[in-house]
Amino acid sequence: MPTDIKSLPREELEAQFASWQQPIYRVKQLMDWLYVQRVTDWEAMTNLPKLLREKLRHDYTLGTLQLLRKHGSRDTTQKFLWKLADHSLIESVLIPANPALYGEASDRHTLCVSTQVGCAYGCKFCASGLDGFKRNLLPHEIVEQVMGVERWNIKESSKLQVEGGKLEASEPSTPTAPLASGKTSSGFPGGRLVDNLVIMGMGEPLANYDNLLRALRLLNSPWGGRIGARKITVSTSGLAPQIRKLADEPEQFSLAISLHGATDDVRGRIMPVNRKYPLKELTSALDYYQAERGRMITFEYILIKGVNDGLDQTKPLGVLAKRLNAKVNLIPYNTVEGLEWSRPDEAVCEKFLAAMKAQKIVTTLRREKGHDIDAACGQLRLKTERELATGVDPV
Ligand code: SAH
Ligand code: SF4
């Protein structure tokens, strides 16, 4: 099968163009069409010679993801369910910035992207691993989640303006288009929507290391997506060797660890990966990461009723956070259909938070209600797969 053009880093495009005796500036033109103009058709690349377009079309695909389903309203969290070329389903989640939390304008959005179809790590509480692992996403399938959401936003914004009857469809950045960032000066038609990425969707990103890094480099490149490396957070269930590898990369990507237990006993009960990389090994990899990077990391800690919400976990969690210069995100569990776990009462979550703050650990507690749109990753896909299997039309 031919490679997709959006899986190729700049250096490889330059080598390809050199072998075709094409000048290097054509690579910049091509990348601009792909990542800034976000076109979906070779024909649209009007400043590339016809012959070059033909060569590209012959040797590469220019794939897009098909939007199968979208849940959520424009001013809250929105889930996108995509169908890939082989009919696999994946999810991305668009989260508006919480001004109270980050003190930023509300036109900022974080996109949570998937890196695999399913997941092999089988954490007991997670929907993504319930049906096992199918395959790694290719670099362009990771990149296209960002492009697809931005294209969707431009289309929606234009629709709104036409409906509102006030403005032309060619001016998407207005108050009637709440999702458009309005930064047309960035050179991105329709402005930028996604300015933060979290690699926390379906799958274990560090188990798809090479494809992930290719995709992140394209999204970060000044010739590509131009999303700052520090605004890209990779979340892992704790693959120690790959954490060391990531520490050695030149880019300053941010790191989040799905901890969910501060002792081997508690963590091991819900995360099988803890058997392969117990806390001692995980923390030693994080020591290495910190020695290389010296940047604050994030511990994700889902609070699950009766499993890891006891105050006995707060002390070891505080010790780990201090040693590793980590802040802690407490996330009340989102119930998953077919799983027995539930979220603790609010009072329990607040007490856990207070115990962390008493140790002077930077800690946040997520208080929003995400239940209604299957906010935890993997759930919309699981539901849709099951509906398809039982013959219910999901759309
Ligand atoms: N595999 C990676 C990234 C994807 S999971 C990892 O484990 O870090 C992204 C985050 O969602 C993880 O912290 C995961 O533990 C969390 N998560 C999974 N199921 C959840 C649920 N039902 N409720 C809340 N968070 C959940
Ligand atoms: Fe996989 Fe992460 Fe879910 Fe664990 S929490 S099953 S590693 S996606």
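Trainee: How many nonpolar, polar and charged residues does the shell around ligand 2 have by class?

Mentor: In this predicted model, local features need pLDDT of at least 70, side-chain atom pairs count only at pLDDT 80 or more, and totals for chains, interfaces and linings use all residues. Residues are numbered from 1 along each chain as its sequence is written, chains are lettered from A and ligands numbered from 1 in the order in which they are written, and side-chain values use heavy atoms, with hydrogens and water left out. Ala, Val, Leu, Ile, Met, Phe, Trp, Tyr, Cys and Pro count as nonpolar, Asp, Glu, Lys and Arg as charged, and the others, Gly among them, as polar. The shell around ligand 2 has 5 nonpolar, 4 polar and 1 charged residues. Those near ligand 2 (a heavy atom within 4 Å) include Cys119, Tyr121, Phe125, Glu204 and Ser237.

Trainee: How are two packed helices described?

Mentor: By the angle between their axes and the distance between the axes. Axes are lines fitted to C-alpha atoms, for helices over the stretch in contact, with angles from 0 to 180 degrees between N-to-C directions. Helices are DSSP runs (H or I, at least four residues), numbered from the N terminus. The axes of α7 and α10 (residues 279–293) come within 9 Å and cross at roughly 0°. The two are therefore roughly parallel, the word for angles under 35 degrees.

Trainee: Which classes make up the contact of α7 with α10?

Mentor: Its residues divide into 9 nonpolar, 1 polar and 4 charged. Contact means heavy atoms within 4.5 Å; Ile243 and Arg244 of α7 and Leu282 and Glu292 of α10 are among the residues making it.

Technical notes
Parallel < 35°, antiparallel > 145°, perpendicular 65-115°, else oblique.
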